[in-house]
Amino acid sequence: MGIEREIKLAAPPHFEMPDLADAIPDAVVTTIPPRRLRATYWDTPDLRLARSGVSLRYRVEQGEDSSGGRWTLKLPGDSRSSSGLTRRELDFEGAPGSVPSAAARLVRAYVRSSTLGRVARLDSRRARLEVADMSGRPLAEVDDDVVSVMDGRRVLARFREVEVELAPDAPDGVAEEVAKRLREAGADDPVPLPKVVRALGPQAQAPSDTHVDPPAKGARADQMVRAALASGVSRLVNHDPGVRLDEDPEEVHQARVATRRLRSDLRTFKSLVDPEWAEGLRRELGWLASPLGEVRDADVLLDRLRTETGRLPSEDRAQVGPLIDRVVASRQASLGALFDVLDSKRYVALLDALVDGIATPRLTAVAEQPAEEVASTLVGKAWHKLRRSISDLGPEPADTDLHRVRIKAKRCRYAAEAVIGIEGRPAKRFASAVAALQEVLGRLQDSVVAAAWLREAITTDTPVDQAVAIGELLGFATVTAEASRREWPDAWKGARRKSLRSWMT
């Protein structure tokens, strides 16, 4: 997998490529052989991939045998600016007439129960320049493409664009400097759209079916519900490919957060939604959250072990290796179970139900009211549950009781964040204060879980040297837990300030 960083500019028919040699100090610009490319793009009938910033194509260089082509999947990257695109790019082998199963698996959350088929064919004549530094290290490739949108042999439309694609290790500023020179030569304003989106037209530029604009002042309560569902579902769908690729633990974390937030929002909005419908979704989300949680818990433990191993004396560090190997093996088993869930029909059915719920949630009559009349009350209910859970604590609460408080704090925070579009800054400040409480209690819970795991790791068969290392790690976890126990009352004091709740009823 590679990361594609590029800037796209629209070029008029009469555009002439300027001299780019002085766009980058000490750069060397070389003409490289042109190419003629034929790309066939695949998508669902309603263009779910294109509308989500995803593209899937089979491309072959004209004149080559068709077996020399390749499939390419491009997924949205971590950032998108007004002038450029950052996308993850993956290549697959396969025949031109059937999407490779590995690629289809990575777009399953977007496609769901729909089907993939050919939606566009683009023929391109590409002139190319390479920009390198004085040592010959490539910095960027500049492609001048004349693109024909084809229907058989008939040309439906034609456009021209210039792409500046950065080399993997080139600084971002290179593309901007080259693009600046191209604009001075007559290239139009940046067009941060893939070619296939330009070719397919307005339908491909429509919002995805997991997008809803945040509710604003004057919105009805049903809009608040739809926006909250859309936020959670979009997070889940967009992180699904990353979970399957298993290259960054944050992907599993974000998918797990999506399931938790959706379950919490459905609970928060229970007076606005049909209870049977909401409970059915919550039940299925709980089914999905379980394997995500197992992998995430292993990731948290692994990160802790690897980080705190560095604090051990050098002679003890090697003793932690077998422990890490044990967690890695457990994680692999959990990941396999998670993949089975993600590849199941039940998961696809859940995604379909969630997306349908964004468009047409099953609501009660209360949802017809203005959101401003119900938002603060909904958060107030979550707040009262949090406050009551803390008032029920004894002078020295058990860790299990504090964990329950953490869950209540998380639900309260999510409820406040769901109404920020309606209540504005007061809700945002309140959510931030409750999040601080949740964070302290989260550190406590992670430390307690790690300590319990480490205690179980010591058996009668454990070598003495390894037992010593485990004892040291256990000491670190205990110290962190004790610090969190001391800190959480101050975090609670900050969260319960009356000034943070003046908007709440």
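Select R346 to begin: in this predicted model its relative accessibility is 39%, so R346 counts as partly exposed, where buried means under 20% relative accessible area, exposed over 50% and partly exposed in between (1.4 Å probe, protein chains only). Add E284 to the selection, and a salt bridge with R346 appears, the closest N and O atoms being 2.8 Å apart; this pair links distant parts of the chain, with R346 in helix α11 (residues 345–359) and E284 in helix α8, 62 residues apart. A salt bridge here is a side-chain nitrogen of Lys or Arg within 4 Å of a carboxyl oxygen of Asp or Glu, while helices (H or I, at least four residues) and strands (E, at least two) are DSSP runs, numbered from the N terminus.

For finding your way, residues are numbered from 1 along each chain as its sequence is written. Because the model is predicted, local features need pLDDT of at least 70 and side-chain atom pairs count only at pLDDT 80 or more, while totals for chains, interfaces and linings use all residues, and side-chain values use heavy atoms, with hydrogens and water left out.

Stay on helix α8 (residues 275–309) and select E279 and R282, which both lie in this helix, three residues apart, about one turn. They form a salt bridge whose closest N and O atoms are 3.7 Å apart; E279 is partly exposed, with a relative accessible area of 40%, whereas R282 is buried at 11%. Next, select E308 and R311, whose side chains meet in a salt bridge of 3.8 Å, N to O. E308 is buried, with a relative accessible area of 9%, and R311 counts as exposed at 51%. A search of the whole structure finds 48 salt bridges.

Move to helix α7 (residues 249–268), where E251 is found. At 11% relative accessibility E251 counts as buried, and, not counting residues up to four places away in sequence, E251 touches R88, H239, G242 and V243, contact meaning heavy atoms within 4.5 Å. Now add N238, which lies in helix α6 (residues 221–245) and is partly exposed, with a relative accessible area of 33%. The C-alpha atoms of N238 and E251 are separated by 9.2 Å, although the two residues are 13 apart along the chain.

Turn to strand β6 (residues 117–132) and select A127 there, a partly exposed residue with a relative accessible area of 40%. Leaving aside residues up to four places away in sequence, A127 touches P34, V142, D143 and D144. If you draw a C-alpha to C-alpha distance from A127 to D145, 18 residues apart in sequence, it comes to 6.5 Å.

Then select Q445 in helix α15 (residues 425–457). Q445 is buried, with a relative accessible area of 16%, and touches H403 and R406, again not counting residues up to four places away in sequence.

For the last close view, select K381 in helix α12 (residues 375–391); at 47% relative accessibility, K381 counts as partly exposed.

Finally, zoom out to the chain, which has 16 helices and eight strands, and whose C-alpha atoms fill a box of roughly 80 × 65 × 45 Å, taken along the principal axes. Buried residues make up 50% of the 505 residues in the chain, and residues 24 or more positions apart account for 72% of the contacts with a separation of 6 or more.
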